[in-house]
Amino acid sequence: MNGQYRKDIRPGARVEIVLKKDQRSGRRTAGVVKDILTSSAYHSRGIKVRLEDGQIGRVQAVLMAEPSPPRNHESASDSSRSDNG
């Protein structure tokens, strides 16, 4: 996904953005979305977001649309146990 549509971006998504200072070079910065700053549904240069580290830029690529659910290690180990008691 290219980051032009707000519906494709969610807090927690892993994205690549272009910071204001890097617009000429096109250098991308990867991070996790904290806030979506663009209110419109579409923006031709990319939806503006704030990353969890505080950097602000326009989304150029959505790397992972939604965060993976946390893995529950207990359930995996519980199912492999057998009761011999």
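**Exercise 1. Identify the residues of the largest nonpolar core and the strands that supply them.**

Solution. Step 1: a nonpolar core is a set of buried Ala, Val, Leu, Ile, Met, Phe, Trp, Tyr and Cys residues joined through side-chain atoms within 4.5 Å; buried means under 20% relative accessible area, with exposed over 50% and partly exposed in between (1.4 Å probe, protein chains only). The model is predicted: local features need pLDDT of at least 70 and side-chain atom pairs count only at pLDDT 80 or more, while totals for chains, interfaces and linings use all residues. Residues are numbered from 1 along each chain as its sequence is written, and side-chain values use heavy atoms, with hydrogens and water left out.

Step 2: the largest nonpolar core holds 12 residues in all, namely Ile 9, Ala 13, Val 15, Ile 17, Leu 19, Val 33, Ile 36, Ile 47, Val 49, Leu 51, Val 59 and Val 62.

Step 3: at least two residues of this core come from each of S1, S2, strand S3 (48-51) and strand S4 (56-64). The most, three residues, come from S1. Strands are DSSP runs (E, at least two residues), numbered from the N terminus.

Step 4: contact means heavy atoms within 4.5 Å. Apart from neighbours within four places in sequence, Ile 9 is in contact with Gly 3, Val 33, Ile 36, Ile 47, Val 49, Val 59 and Val 62.

**Exercise 2. Determine how the four strands are arranged.**

Solution. Step 1: two strands pair if DSSP finds at least two bridges between them. S1 and S2 are antiparallel over four bridges, and Val 15 is opposite Gly 31 in S2.

Step 2: S2 and S3 pair in the antiparallel sense over three bridges, with Ile 36 opposite Val 49 in S3.

Step 3: S1 and S4 are also antiparallel, over six bridges; Arg 14 has Met 64 in S4 as its bridge partner.

Step 4: the four strands close into a barrel in the order S1-S2-S3-S4, with antiparallel pairing. From one strand to the next, the twist averages 70 degrees. For this angle, axes are lines fitted to C-alpha atoms, and angles run from 0 to 180 degrees between N-to-C directions.

**Exercise 3. Establish whether Asp 22 is buried or exposed, and describe its surroundings.**

Solution. Step 1: Asp 22 belongs to the loop between strand S1 (14-19) and strand S2 (29-36).

Step 2: Asp 22 counts as buried because its relative accessibility is 8%.

Step 3: not counting residues up to four places away in sequence, Asp 22 touches Arg 27 and Thr 29.

Step 4: the side chains of Asp 22 and Arg 27 make a polar contact (3.5 Å). Such a contact is a pair of N or O atoms within 3.5 Å; within protein, one must be able to donate a hydrogen and the other to accept it, and residues adjacent in sequence count only if both atoms are side-chain atoms.
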